[in-house]
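Below is a set of questions and answers on one protein chain. Please look at the sequence and the coordinates before reading on.

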Amino acid sequence: MSMKLLTSYCVAGLFLLTGLLSGCDQKDDIDEIFCSGTWYVVDYYTNFNWSNLSKDAGVPVNGGKTDVLSVIQQFSLQFKDDGTFEGKIQNGTYTGQWQAHPDDRSVSFRNVQASPLTGHNKEFIQFLQKSTLYQGNSKLLHLTNSEKAKYLQLNHGQK
């Protein structure tokens with residue numbers, strides 16, 4: 001075997017080995033997703049496929065109910081990198097602690113303090129507290145619980 005051919009094989013092998021070792025990490029970047037600015041509620045959804053929301057996103061719960069949407073789409077949520085969060089609800093605010101794990105895409109919201117806690121505010125805060133799973137990226141965030149009967153969609157663009 002010629003030295004030139006052997007060198008070519010070695011170089012090709014190094015490129016292949018580098019590609020295999022670096023691989024494609026499928027873990028989410030928690031800071032990029034959660035700590036990427038202020039999130040706003042879009043709506044709650046039912047009748048969806050959590051495993052494939054891009055093909056079966058479900059049915060918006062409040063679709064067409066402009067009186068409800070005008071309230072809940074003002075709700076904001078901002079995650080901080082110190083594990084706390086804060087946000088605005090109708091005529092009030094809320095705070096708490098959050099944690100997310102990219103391995104299983106689990107999420108938790110603890111020590112949530114909110115005022116006032118009635119109507120749509122109460123529904124939203126209770127939904128956050130029961131949320132255990134997330135999906136998303138820096139543009140869309142979806143939260144649901146282990147039953148996956150309903151999910152909450154948030155985005156960075158206030159409507």
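The questions below concern a predicted model and go from the overall fold to single residues.

Q: What pattern does the chain follow when read along the sequence?
A: In this predicted model, the secondary structure comes to four helices and nine strands. Read from start to end, the order of these elements is α-α-β-β-α-β-β-β-β-α-β-β-β.

Q: What percentage of the residues of the chain count as buried?
A: A residue is called buried when its relative accessible area is under 20%. The chain has 159 residues, and the share of them that counts as buried is 35%.

Q: How far apart are the N and O atoms in the salt bridge of aspartate 28 and arginine 105?
A: Aspartate 28 sits in the loop between helix H1 (3-22) and helix H2 (30-34), arginine 105 in the loop between strand S5 (92-101) and strand S6 (106-115), and the pair links parts of the chain 77 residues apart. The side chains nevertheless meet in a salt bridge, with an N to O distance of 2.8 Å.

Q: Is aspartate 28 buried or exposed?
A: The cut-off for a buried residue is under 20% relative accessible area. Aspartate 28 has a relative accessibility of 15%. Its partner in the salt bridge, arginine 105, has 36% and is partly exposed. Aspartate 28, at 15%, therefore counts as buried.

Q: Which residue forms a salt bridge with glutamate 86?
A: Side chains of opposite charge can pair when their charged atoms come close. For glutamate 86 the closest N and O atoms of the pair are 3.3 Å apart. Glutamate 86 is partly exposed at 32% relative accessible area, and its partner is partly exposed at 32% as well. That partner is lysine 80.

Q: How many residues apart in sequence are the parts tied together by lysine 150 and glutamate 123?
A: Lysine 150 and glutamate 123 form a salt bridge whose closest N and O atoms are 3.5 Å apart. Lysine 150 belongs to the loop between strand S8 (140-144) and strand S9 (151-155), and glutamate 123 to helix H4 (residues 119-130), so the parts tied together are separated in sequence by 27 residues.

Q: Which residues gather in a patch of negative charge on the surface?
A: One member of the patch, aspartate 82, lies in the loop between strand S3 (76-79) and strand S4 (84-89). Aspartate 82 has a relative accessible area of 55% and is therefore exposed. The residues that gather in the patch are Asp29, Asp31, Glu32, Asp81 and Asp82.

Q: What is the angle between the planes in the aromatic pair of phenylalanine 48 and tryptophan 50?
A: The structure holds 14 aromatic pairs. In the pair of phenylalanine 48 and tryptophan 50, the centre to centre distance is 6.3 Å and the arrangement is edge-to-face, with an angle between the planes of 70°.

Q: Is the aromatic pair of phenylalanine 79 and phenylalanine 109 tilted or edge-to-face?
A: Phenylalanine 79 lies in strand S3 and phenylalanine 109 in strand S6, so the pair ties together parts 30 residues apart in sequence. Both phenylalanine 79 and phenylalanine 109 are buried. Planes over 60 degrees apart would count as edge-to-face. Here the centres are 6.1 Å apart and the planes make an angle of 45°, and the pair is tilted.

Q: Which residues do ring pairs link into a cluster?
A: Phenylalanine 79 and phenylalanine 109 form one aromatic pair, and both belong to a cluster linked by ring pairs. The cluster is made up of Phe34, Phe75, Phe79, Phe85, Tyr94, Trp98, Phe109, Phe124 and Tyr134.

Q: Which two residues does a cis peptide bond join?
A: Most residues other than glycine have a negative phi, and most peptide bonds are trans. In this model, one bond has an omega of about -5° and is cis. Proline 116, on one side of this bond, lies in the loop between S6 and H4. The two residues joined are serine 115 and proline 116.

Q: What is the phi of asparagine 91 near?
A: Asparagine 91 is found in the loop between S4 and S5 and counts as exposed at 73% relative accessibility. Arginine 105 has a positive phi, near 55°. The phi of asparagine 91 is positive too, and is near 60°.

Technical notes. Residues numbered from 1 in each chain as written. Predicted model: local features only at pLDDT ≥ 70, side-chain atom pairs only at ≥ 80, totals over all residues. Heavy atoms only, no water. Patch = residues over 30% accessible without salt bridge, like charges linked within 9 Å, V, L, I, M, F, W, Y side chains within 5 Å. Areas by Shrake-Rupley, 256 points an atom, 1.4 Å probe, with all protein chains shown as cover. Salt bridge = Lys/Arg side-chain N within 4 Å of Asp/Glu carboxyl O. Lys, Arg positive; Asp, Glu negative; His and termini not counted. Charge placed at Lys NZ, Arg CZ, Asp CG, Glu CD. Helix = DSSP H or I, 4+ residues; strand = E, 2+ residues; numbered from the N terminus. Buried < 20%, exposed > 50% of the residue type's maximum accessible area, 1.4 Å probe, protein only. Phe/Tyr/Trp six-rings, centres within 6.5 Å; stacked < 30°, edge-to-face > 60°.
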